[in-house]
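Visitor: I would like a close look at a single part of this structure. Please pick a loop and the strands around it, and go through them slowly.

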Amino acid sequence: MLCVVHRALFFTFLVATGCLPTIDVDPPRVCEVLGIRPVPKIIPRDTTSTIEVPLIADDCLPDGVTATVEVFDSANEPVLFQSNVETSGRSSIARVTVLPRRIGELHVIVVFEPELGRTSRATLVVEPARAEVFSPEIDGPCTRETLTANGTWVCQLVNTITVWREGMLLQTLPALGLAGDANAVWLLSPDGLERWVDSGLDFLQRVPDVKLPAVDADVLLAEGDDALWSVRKGVVTRLRLDGAALLREREFQLPRGLCAMGPRYAVSGDALTVACPSREAHTRLCRFPSIEASRCVELDGSLVSVDRDQVWLSRSGTIVFAGLDAPEQSLALPPGFTLESRTPYYLRDSWPVVSDATETHLLVRAQGDVGLSLELAPLMLELRGHGAEGLIVGRGTERALLK
């Protein structure tokens with residue numbers, strides 16, 4: 001027998017029939033939680049960013065939740081902001097939009113009313129990288145790239161060199177090797193060496209207009225417009241153009257056993273810098289103005305890249321910039337950030353790249369006496385080559401010059 005009665009007749013019905021009634025009860029409230037974006041670990045200086053600060057209660061929140069917001073920069077100075085509050089179920093989110101002017105840690109403090117609690121969040125403000133975006137508009141990849149001071153982009157793919165400006169193909173040249181600096185581009189072939197110059201005209205010009213003697217090289221390092229270094233099986237040669245002649249100014253043999261694997265080279269003035277792993281978590285750094293006057297030191301840390309006469313090292317969550325004559329500089333990486341890539345090129349100004357699990361990428365730069373600093377890198381992060389004024393990074397057919 002179906003027993004359905006109202007609450008007022010409960011006891012009479014129970015005594016008379018011995019049947020339990022069904023009682024009308026309002027269904028429980030559903031307290032949903034809003035989707036919340038994680039607070040960014042890094043935001044750029046002088047750029048508008050939004051930080052979400054949530055409150056999640058044990059039960060549904062009342063209507064009319066408000067929030068009192070304060071924002072302070074790394075100098076504990078107040079920062080201007082705009083905010084709004086969204087509440088649903090047992091969650092409330094204060095969305096705070098800021099335009100930070102000072103690098104360092106930024107603190108956002110939110111008090112939810114009526115008397116619901118206080119929440120704070122912190123994020124790191126860094127400089128955005130100085131990136132000049134350009135589009136070569138090519139279909140194929142490049143194994144080596146360079147960008148002249150006048151803005152001409154040169155791509156090497158196997159044994160073919162293509163020369164581009166403003167998305168237009170200017171020239172196609174055969175070559176096995178490529179090195180560029182300033183407005184000079186050196187091309188190496190089996191039967192000789194050619195020097196091409198970007199004078200701002202429609203084509204690169206071969207100057208001098210002859211094929212120079214062949215150079216036996218595994219590595220070419222351009223130095224300015226008129227000098228070139230070559231390395232082949234430990235034999236180092238510095239060449240300088242004098243009119244139509246290519247003079248061998250210096251030649252020496254690197255000491256045997258100097259590098260067990262993976263040497264990196266950089267040039268500065270008339271000196272060659274060599275860096276390589278010496279043993280586990282240690283790096284050997286040598287400078288060779290001549291073989292008679294070489295200098296070497298062993299440094300604590302794994303080799304990342306070489307920059308003129310200094311090296312970048314990785315040491316237990318810390319990036320280190322060290323040299324023969326310069327004091328060591330170090331920078332602890334933000335929590336969650338690790339070394340992303342080791343520079344595979346023989347470049348000047350090769351800066352380490354670090355990233356976290358959200359694919360936020362940071363450049364580590366040396367700022368003279370200021371020390372090391374972090375910069376927010378552009379999304380196109382693959383290192384492609386060396387430009388006259390910085391590094392070429394890219395993704396697909398997009399490129400940017402990091403200055």
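**A proline in a loop and its surroundings**

Guide: Pro 255 counts as partly exposed, with a relative accessibility of 38%. The model is a predicted one, and the values below are computed from it. The loop that holds Pro 255 runs between β20 and β21, the latter covering residues 264-268. Along the sequence, Pro 255 is 39 residues from Ser 294, yet their C-alpha atoms are 9.9 Å apart in space.

Start with the strand on one side of this loop. β20 belongs to an open sheet of four strands, in the order β17-β18-β19-β20, and the pairing is antiparallel. β17 (219-223) and β20 (245-253) stand at the edges; each has a single partner strand, so one side of each has no neighbour in the sheet. From one strand to the next, the twist averages 20°. As background, strands of a sheet pair through backbone hydrogen bonds, and the pairing can be parallel or antiparallel.

The contact between β19 and β20 can be followed in detail. β19 spans residues 235-242, and eight bridges join it to β20, with the two strands running antiparallel. One position to look for is Leu 241, which stands opposite Leu 246 in β20.

At the other edge of the sheet, the chain leading to β17 is also worth a look. Pro 208 is found in the loop between β16 (205-206) and β17. The peptide bond from Val 207 to Pro 208 is cis, and its omega is near -5°. Most peptide bonds are trans, and most residues other than glycine have a negative phi. Another cis peptide bond joins Glu 113 and Pro 114, with omega about 10°. Pro 114 has its place in the loop between β6 (104-113) and β7 (117-128). Glu 115 is found in the loop between β6 and β7 as well, and its phi is near 50°, a positive value in a residue other than glycine. With a relative accessible area of 77%, Glu 115 is exposed.

Now return to the other partner of Pro 255, and to the strands on that side of the sequence. β22 covers residues 271-279 and is joined to β23 by seven bridges, the two running antiparallel. Together β22 and β23 form a hairpin with two residues between them, and Ala 281 in the turn has a positive phi of about 60°. Leu 272 has Phe 288 in β23 as its bridge partner.

β23 also pairs with β24 (residues 295-300), in the antiparallel sense and over six bridges. Here His 282 stands opposite Asp 300 in β24. Of the seven residues of β23 (residues 282-288), six are buried, so the strand is largely enclosed by the rest of the structure.

A further place where two parts of the chain can be compared in sequence and in space is Ile 319. Ile 319 is in strand β27, residues 318-323. Its relative accessibility is 1%, so Ile 319 counts as buried. Ile 319 and Leu 331 are 12 residues apart in sequence, and 5.3 Å apart in space from C-alpha to C-alpha.

For contrast, take a pair of side chains and the loop beside them. A pair of aromatic rings is described by the distance of the centres and the angle of the planes. The ring centres of Trp 153 and Trp 164 are 6.4 Å apart and the planes stand at 55°, so the pair is tilted. Trp 153 is in strand β10 (residues 153-157) and Trp 164 in strand β11 (residues 160-165), 11 residues apart. Both are buried: Trp 153 has a relative accessible area of 2%, and Trp 164 has one of 13%.

The loop between β10 and β11 holds Val 158. Phi of Val 158 is near 60°, which is positive although the residue is not glycine. At 60% relative accessibility, Val 158 counts as exposed.

To go back to the starting point, Pro 255 is partly exposed and is found in the loop between β20 and β21. Before that loop comes β20, an edge strand with a single partner.

Definitions and conventions: Residues are numbered from 1 along each chain as its sequence is written. This is a predicted model: local features need pLDDT of at least 70, side-chain atom pairs count only at pLDDT 80 or more; totals for chains, interfaces and linings use all residues. Side-chain values use heavy atoms; hydrogens and water are left out. Two strands pair if DSSP finds at least two bridges between them. Axes are lines fitted to C-alpha atoms, for helices over the stretch in contact, and angles run from 0 to 180 degrees between N-to-C directions. Buried means under 20% relative accessible area, exposed over 50%, partly exposed in between (1.4 Å probe, protein chains only). Rings of Phe, Tyr and Trp (its six-membered ring) pair if their centres lie within 6.5 Å; planes under 30 degrees apart count as stacked, over 60 as edge-to-face and the rest as tilted.
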